[in-house]
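Please look over the sequence and the model below before reading on. The paragraphs that follow go from the strands to the loops that join them, and then to an annotated position.

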Amino acid sequence: CRELQTQPLLQLLYKLNKNPVEGFSAGLIDDDDIYKWEVVIIGPQDTLFEGGFFKAYLTFPYDYPLRPPKMKFITEIWHPNVAKNGDVCISILHEPGEDKFGYEKPEERWLPIHTVETIMISVISMLADPNSDSPANVDAAKEWREDPNGEFKRKVARCVRKSQEMAFD
């Protein structure tokens, strides 16, 4: 039964490798585990993250696409919607259904029609336009709201530099 469940992931990986999408690359961490992917997001142009190479892991549940993957940045990143441990907090990756806090509409949350491509496009958009109303990193959200061109910008620039150094190690 699990072999049937890997089919959608294999198809997604094949499609992404055959027709790469601008702004990120994706592949398996280990060729023997279709459920664990590594993605590299290229910092979006005209944002504070421009020029960065941000590595993250996508971990898919066995019942994908019924449930969303988890995403965690491995490269250090300073952002309101990324927890200090790297966990990404974005609506598209939240479990499907009603939000018990009433903040998100069900259609903003995970739907089985989402793909790695739609996730990555949402994350790239999140980098360009943080949501500081529902932060995973309260300190980054406070800096973003109060002084986006001060301490926030300096911390992001440091992360971009570190990501560039790590990309060529």
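In this predicted model, a convenient place to begin is strand β3, residues 53-59, which has two faces: Phe54, Ala56 and Leu58 form the covered one, while Phe53, Lys55, Tyr57 and Thr59 form the uncovered one. Strand β3 pairs with strand β2, residues 36-42, in the antiparallel sense over seven bridges, and within this pairing glutamate 38 stands opposite tyrosine 57 of β3, a residue of the uncovered face. Strand β3 is also joined to β4 by four bridges, again in an antiparallel arrangement, with threonine 59 having lysine 70 in β4 as its bridge partner.

The loops that link these strands each hold a backbone feature of note. Between β2 and β3 lies aspartate 46, which has a positive phi of about 65 degrees although it is not a glycine; aspartate 46 counts as exposed because its relative accessible area is 71%, where the cut-off for exposed is over 50%. In the loop between β3 and β4 is proline 65, which is joined to tyrosine 64 by a cis peptide bond with an omega of about 10 degrees.

The loop between β4 (70-73) and α2 (116-128) holds cysteine 89, which an unreviewed UniProt entry annotates as "active site". Cysteine 89 has a relative accessibility of 24% and therefore counts as partly exposed, since buried would require a value under 20%. Leaving aside residues up to four places away in sequence, cysteine 89 touches Asn81, His94, Met126 and Ala136.

Technical notes:
Residues are numbered from 1 along each chain as its sequence is written. This is a predicted model: local features need pLDDT of at least 70, side-chain atom pairs count only at pLDDT 80 or more; totals for chains, interfaces and linings use all residues. Side-chain values use heavy atoms; hydrogens and water are left out. UniProt positions are given in the numbering used here, feature names are shortened, and annotations may be inferred rather than shown by experiment. Buried means under 20% relative accessible area, exposed over 50%, partly exposed in between (1.4 Å probe, protein chains only). Contact means heavy atoms within 4.5 Å. Two strands pair if DSSP finds at least two bridges between them.
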